[in-house]
Amino acid sequence: MVIEPKVRGFICTTAHPVGCRENVKNQVRYVQEKGAIAGGKKVLVLGASTGYGLASRICSAFGCGAATVGVAFEKPASGNRTASAGWYNTAAFEEEAVKAGLYAKTIIGDAFSQEIKEKTIALIRADLGQVDTVIYSIAAPRRTAPDGVTYSSVLKPIGETYSDKNIDLKNRAVTNVSVAPATQQEIADTVKVMGGEDWKLWMEALQDAGVLADGAVTVAYSYIGPKVTYPLYRAGTIGMAKEDLEATAKEITTLLQPLGGHAYVSVNKALVTQSSAAIPVVPLYITMLFQLMKEKGLHEDCIAQIYRMYQDKLYQDVPVVDEEGRLRVDDWELREDIQTAIAQEWAQVNNDNIAQYADFDGYWKDFYNLFGFAVDGVDYSADVSADVKIPSVE
Ligand code: NAD
């Protein structure tokens, strides 16, 4: 079939297998050109199919030469529906890994469940024995916890209604948004979904099963961002979840003491991913940030961020952390010159001058790219099969 993008709000309901494959190949090429990283050799990536998790899997495999097990929640094609982008990415990743002589297997399913934890442990035990690195990169709107309750996360401020500028990406216009504060229940539920509980459950399960190597490290991803998004992000419900995640890193480090292991949080840069596109206000900030960072030659995408995190921060003799023990690759985003400029532009931006400040084209290209569209060199008029197999998935 000829596959076209079908954009509904902040998601695209179709994905292009050839475009997704090209995206993966481009990321593999980026890592190969940058050179080898002395890092983990047996790596488990939770949330391995898109965004920061996929970039982590690619850096581990093609930078460190690692065997990788990936866990992701993705859908194959069925009827006239294409597979999800993460499905195509994973198929392409495994093909590239196998070509390069690297072990790569994927488990498709709900990482929050006990069943998938057990399945993953059984696979590690059978094929790799142990893993030395665990990357936790799950971003999900809801989670069914071990108590059987399904919790949903919300993106809301805490305490008072938040009103600010927002962006209408489709019409390239500045609008206003007003978000009512979360209830106590919504705050607690968001922490349940995006906080550290499931990360800790994974690490306990892996350790109890004896499949963590001595000195194992684990990394989960966080975000802080600029003052302009604080009320909605860092001081909002999702920020509470991120604080919980960061506190959990300390608990996991204590847990891993018998192995001499360590848990880190890496604070990453704001980028266009399927998750960040859904957050109000953040896309306006992202378009302005991209414009500024590109002008200054500081812009990075997921693969560049994770490569730098591995090479310059995590896999050093002594990992490079801030005073809270966090790896920081949001350092360029939060540079004073960038943030001063953002604050000034934020005060001035309006419907008449938005084109001058916002990198709309860059945003849209990144957005379409997430789903395998608008990728250079792909013939989108060609007839392609939507039905693609992930080699290791039955
Ligand atoms: P993403 O949407 O691109 O990726 C999410 C991944 O989680 C996918 O692989 C998906 O398959 C997987 N997943 C979702 N639900 C799952 C489930 N139930 N079981 C198994 N897998 C599941 O998101 P992302 O933006 O790469 O986010 C990853 C992490 O990075 C998050 O913790 C996010 O907060 C953090 N982060 C993101 C940004 C950003 O700007 N995008 C910035 C800093 C930190």
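**How do you know? A chat about the ligand site and the sheet**

Guide: In this predicted model, a backbone N or O atom of Gly47 sits 3.3 Å from an oxygen atom of the ligand.

Visitor: What makes that Gly47 pair a polar contact?

Guide: The cut-off is 3.5 Å between N or O atoms. Gly47 comes in at 3.3 Å, so the pair counts as a polar contact. Tyr52 also qualifies, because a backbone N or O atom of Tyr52 is 2.8 Å from a ligand oxygen. Lys242 uses its side chain instead: an N or O atom there is 2.7 Å from an oxygen atom of the ligand.

Visitor: How much of the ligand does the protein cover?

Guide: On its own the ligand has 840 Å² of accessible area, and the protein covers 92% of that. The shell has 28 residues, with Ser49, Ala111, Lys242, Thr273 and Ser275 the closest. By type, the shell splits into 13 nonpolar, 11 polar and 4 charged residues.

Visitor: Now the sheet. Why are β5 and β13 called edge strands?

Guide: Each of them, β5 (104-108) and β13 (327-328), pairs on one side only, so they are the edges. The order of the open sheet is β5-β4-β3-β6-β11-β12-β13, with parallel pairing.

Visitor: How do you know that β3 and β6 pair?

Guide: Pairing takes at least two bridges. Strands β3 (residues 42-46) and β6 (residues 131-136) have 4, in the parallel sense, so they pair. Within that pairing, Leu44 stands opposite Val134 in β6.

How values were computed. Residues are numbered from 1 along each chain as its sequence is written. This is a predicted model: local features need pLDDT of at least 70, side-chain atom pairs count only at pLDDT 80 or more; totals for chains, interfaces and linings use all residues. Side-chain values use heavy atoms; hydrogens and water are left out. A residue is near a molecule or strand if one of its heavy atoms lies within 4 Å of it. A polar contact is a pair of N or O atoms within 3.5 Å; within protein, one must be able to donate a hydrogen and the other to accept it, and residues adjacent in sequence count only if both atoms are side-chain atoms. Accessible areas come from the Shrake-Rupley method with a 1.4 Å probe; for residues, only the protein chains shown count as cover. Ala, Val, Leu, Ile, Met, Phe, Trp, Tyr, Cys and Pro count as nonpolar, Asp, Glu, Lys and Arg as charged, and the others, Gly among them, as polar. Helices (H or I, at least four residues) and strands (E, at least two) are DSSP runs, numbered from the N terminus.
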